[in-house]
Amino acid sequence: MQITLKFYVIELSKYVITVFMLLYTTLAVVCNFSQKKKLVSVLTSVQSGLMLLLLFLCFLDMTFVSGREEYLYLFAFITLFLFFMITIVSIIYDKSDRILLNNMALLSGMGLCIVSRLSFAKAFRQYIITLLSFAVCLAIPFLIDRLRFFRKLLWLYAASGIIILSLVLLTGRKTHGAFITYTIKGFTFQPSEFVKIIFLFFLAALLYKYNSFKWILISAVISGIYVIILVLSKDLGSALIFFVAYVMIVVMSTHNYLYLLSGLVGGAAASIVAYRMFDHVKVRVVAFLDPWTYIDDQAYQITQSLFAISSGGWFGNGLMQGRPSDIPFVDQDLVFSAVCEEFGLLFAICLLVICLCCFCRMMILSASIADKFYQTVVYGIGIMYIFQVFLTVGGGTKFIPLTGVTLPFISSGGSSVMTTYIMFFIVQGIVIKSRNYEARVERKT
Amino acid sequence: MKQEWKEKLKDFHPFKKYRESSPRFKSMVLINVSMFIFCGLFFFMIVYLSVFVSTSTIDLYNNSYNNREEIQIKNVCRGTIYSSDGEVLAETRYDENGNEFRYYPYGSMFAHAVGYSVNGRMGIEHDANYYLMHTGASLSERVNNDLENVKNPGFDVNSTLSVDLQKVADDYLGLYNGAVIVSEAKTGRILVMLSHPDFNPGTICEDWETITTTPGGSQLVNRATQGLYPPGSTFKIITALEYYREHPNDWQDYNYVCNGHIEHDNYRVSCIYGSVHGELDLKGSFARSCNSSFVNIGLSLDRDDWSNTMEDLYFNSPLPTGLLSNTSRAYIGTGSTDYDIMQTAIGQGKTLMTPLHLNMITQAIANGGVMMRPYMIDSITDENGKVIRSYQPDSVGRVMSEEEAEFLNELMRAVVTDGTAKVLNNDSYTVAGKTGTAEFAEDINESHAWFTAFAPADDPEICVTIIIEKAGTGVEYAVPLAKRIFDAYFAAK
């Protein structure tokens, strides 16, 4: 009887997981755009329950297929951690945004689940870093609420970002052909991840104060330096993210569509120059345009990724029943293909919709913030986040050329996870600060 | 309209609080625009992904760089391949130790058509690989199989191949190298697909070393679809078609006196065996396969039109078929010398053709000008016989007009009634065809023997194309094989 049950779980879990995910996603979309506070608070609790069921099924499935009980301990750990995160944040910061928090918890939980599946060894490190990130992040809303000097450090931001990136370019270690990591005492960092936050603060600090053409030009030069250093480090994905975030933020902040136009023209020109000048750009484009001709060489990674996606179909092969490890760097750049292969495309689309929900939530929150500095920061975080998702998912599915960035929360990699956590908690902090402020204003009047 | 939209926007929270001209309002609009841009971008990406997954799964599964088959090998027992009359052509069996092996009851007879599935794949084993390796077992069956540690049965494939006809062809071809294709005139279903030399797909692993290292050994090549041969006189079908296109109303007036050879620009082309055909019209030239007359015709043809006719018939472009095939070559253009023209008119020179291609052209003629896509898989069924997918005849399009097809039918009929294939002239069925002797060496006995035909001539059912390497003339060697196939086909009816 018990054994029969086991095989039913193995055969059926992929369908049930997809159904739970569809339900969760539907609720996420409803919550995101609903104005009814009571309804939202009920639905978010239902979401937490679904999250628990979802993760339980995933780990039960993995336990049955692999025959390793360790997976159940991992499930216990993740559940405890997510439960702890949601409750403690809700208690300490009662004005935090529960909708965003829920989606973040789900993405983080699924990320840990997928990393556990792909590599047991890497999973342990990922758990530690996630815990550490959360511990650091818990203080962020408090700091943002109390400290007032963030907007005054314009030149510190500009200089520190450039210095960090140049240091990596000049002295960093070469990882998979790109100078993007830096090792201090055995810990390997990818500083470009953290520099994203510095860059956003730099732009916000500049734009909330100055709007004139002269200052936009100055911001363009400094941002250009960031981007060029990244291109020289062969970190094309990050370079693109910085560039797109810059253009969108400037347009949002100045309300001048001409900057959008010049950004597009400049971006196109820069792409052509980069294509002509750098071989590593050319290789990506060639692999994108004609992957089947270069299948055993430049396009090996993308074609293996396409095999994985097509093999999964709509419902996937089932957890631990695919071959995602056939794809080079699957746990980092191409983790979305692994999701497609084992969970199926329906689940993967739900995951994308949840990412979009996070982004839309940030946009809605950003629109409601009166302080322009903080509004810009939240807006920038949203754009960077969603554009990164677009780059890695589009790249891994041959929708656009592959650039090699991580899928926030889902990919393994400490710097990526920590940066994303910090970004999401900065948003929470700013929202809390803004809601506190509104509450004070209301009390006075 | 714009005003109305703005009014609506104002009511929408949180816009209503702010004036339109305020910077706060403008930022909000832009933030919402960004939201829509990315939602749109993701929408397109999701649509793209859905289309990708629903259209490319089977193609990508068969790619040799894709190792996903390993997943199915663990829990699916490769399905069975049947002939059109329900005989097993390939199935999975277990030896006394419980090891799986692929069993081919007919040995090497279907070597190229059914193919093999280890050390790479070919034939139906390749084309239907996705289905053979996927299961239609229900949930409870799968769970039961899991419990008993038995593999799930893969889908079965019902092919269009006929064991009886394949056997006739295989027996006759014997030790000769060559190829035979038989297809249905109106559907494009392939009944026979034979290529010699062959190999035993059941022991391909053990024989691999020998097969791949034997010098000149090309057992793995499917000559029926991949072999490129000079078409010889069978190419006169295309030359005649071009002549008809240039002379639709007065082709009957064509007249030529054959004295055994033709000379032009110091080049000399002779009729086979030094025959002297005397006075001939077009039908007579075709029926008796007069080289001199066709060289004479070739020299009179418009080069561009001729080239277009060949392109219409899929020369120099991949054949419209899912079968692994080579591209036939024939070139007539401004750069061609008169010698090239003389050679091309009778299917010699640089002209090369696959037997499959000639069969498709024959089929188009038999089918009133409409070419059908040739196919070997009729349907896919699960282990209970329920049809999962069935393949329907698929037209490639019209490659010649009905009149042109009628004209070629008449010419090919004359080949049998009073031409080179008289052996086939009998009362039980009517055949129309064309013989060929492709010379590739000085010695006439070293020529390839061709024959392509269909029957019955007035309402065609099957098309037969035969090439026998180094056998001599088509008349002597290829025509008798066609007779046996037609006999077997019509006797069974």
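This passage describes the domains, the interfaces, several helix packings and some local backbone features of a predicted model.

It is convenient to begin with the overall division of the two chains. The domain assignment splits chain A into domain 1, covering residues 2-138, and domain 2, covering residues 151-444. The C-alpha centres of these two domains of chain A are 24 Å apart. Where they meet, domain 1 of chain A contributes 42 residues and domain 2 of chain A contributes 40 residues. On the side of domain 1 of chain A, two or more residues each come from helix 1 (2-33), helix 2, helix 4 (98-118) and helix 5 (120-138). Helix 4 of chain A is the main contributor to that side, giving 13 residues. By residue class, the side of domain 1 of chain A that touches domain 2 of chain A holds 23 nonpolar, 13 polar and 6 charged residues.

Chain B is assigned a domain 1 at residues 2-61 and a domain 2 made of two segments, 225-377 and 395-491. Here the C-alpha centres of domain 1 of chain B and domain 2 of chain B lie 63 Å apart.

Turning to the interface between the chains, the contact draws 38 residues from chain B and 43 residues from chain A. On the chain B side, the elements that supply two or more residues are helix 2 (23-61), helix 3 (69-75) and helix 7 (139-148). Helix 2 of chain B gives the most, with 24 residues. The chain B side that touches chain A comprises 23 nonpolar, 10 polar and 5 charged residues. A helpful place to look at this interface in detail is B:Ser34, which sits in helix 2 of chain B. With 22 other C-beta atoms within 10 Å, B:Ser34 is buried, the cut-off for that label being 20 or more. Leaving aside residues up to four places away in sequence, B:Ser34 touches A:Met248, A:Met252, A:Met363 and A:Ile383.

Within chain A, helix 2 (residues 37-66) and helix 3 (residues 70-92) form a packed pair: their axes come within 9 Å and cross at roughly 165°. Helix 2 of chain A is therefore roughly antiparallel to helix 3 of chain A, and the crossing of helix 2 of chain A and helix 3 of chain A is right-handed. Helix 2 of chain A enters this contact through A:Ser48, A:Met51, A:Leu52, A:Leu55, A:Phe56, A:Phe59, A:Met62, A:Thr63 and A:Ser66. From helix 3 of chain A, the contact residues are A:Tyr71, A:Leu72, A:Leu74, A:Phe75, A:Ile78, A:Thr79, A:Leu82 and A:Ile86. The residues of this helix 2 to helix 3 contact in chain A divide into 13 nonpolar and 4 polar, with no charged residue. As general background to such lists, an α-helix has 3.6 residues a turn, so residues three or four places apart point the same way.

A second helix pair is found in chain B, where the axes of helix 13 (residues 291-300) and helix 15 (residues 338-345) come within 8 Å and cross at roughly 125°. This makes helix 13 of chain B oblique to helix 15 of chain B, and the crossing of helix 13 of chain B and helix 15 of chain B is right-handed. In this contact, B:Phe294, B:Val295, B:Ile297, B:Gly298 and B:Leu299 of helix 13 meet B:Asp338, B:Ile341, B:Met342, B:Thr344 and B:Ala345 of helix 15. The contact residues of helix 13 and helix 15 of chain B include 7 nonpolar, 2 polar and 1 charged.

Helix 11 (residues 236-246) of chain B is also worth a look. Of the 11 residues of helix 11 of chain B, 10 are buried, so the helix is largely enclosed by the rest of the structure. Among the buried residues of helix 11 of chain B are B:Lys236, B:Glu242 and B:Arg245, alongside B:Ile237, B:Ile238 and B:Leu241.

Some backbone details complete the picture. In chain B, the peptide bond from B:His196 to B:Pro197 is cis, with omega near 0°, and B:Pro197 lies in the loop between strand 8 (190-196) and helix 9 (204-213). B:Ala455 and B:Pro456 are likewise joined by a cis peptide bond, with omega about -15°; B:Pro456 belongs to the loop between strand 18 (448-455) and strand 19 (462-468) of chain B. In chain A, A:Lys398 is not a glycine but has a positive phi of about 65°. A:Lys398 lies in the loop between helix 16 (372-396) and helix 17 (414-444) of chain A, and counts as buried with 21 C-beta neighbours inside 10 Å. A:Phe409, also not a glycine, has a positive phi of about 75°. A:Phe409 is found in the loop between helix 16 and helix 17 of chain A and is buried, with 29 other C-beta atoms within 10 Å.

Methods. Residues are numbered from 1 along each chain as its sequence is written. Chains are lettered from A and ligands numbered from 1 in the order in which they are written. This is a predicted model: local features need pLDDT of at least 70, side-chain atom pairs count only at pLDDT 80 or more; totals for chains, interfaces and linings use all residues. Axes are lines fitted to C-alpha atoms, for helices over the stretch in contact, and angles run from 0 to 180 degrees between N-to-C directions. Helices (H or I, at least four residues) and strands (E, at least two) are DSSP runs, numbered from the N terminus. Angles under 35 degrees count as roughly parallel, over 145 as roughly antiparallel, 65 to 115 as roughly perpendicular and the rest as oblique. A crossing is left-handed if the near helix is turned anticlockwise from the far one by less than a right angle, and right-handed if clockwise. Two residues are in contact if their C-beta atoms, placed from the backbone, lie within 7 Å. Ala, Val, Leu, Ile, Met, Phe, Trp, Tyr, Cys and Pro count as nonpolar, Asp, Glu, Lys and Arg as charged, and the others, Gly among them, as polar. A residue is buried if 20 or more other C-beta atoms lie within 10 Å of its own, exposed if 12 or fewer, and partly exposed in between; C-beta atoms are placed from the backbone. Domain bounds come from an automatic or database domain assignment.
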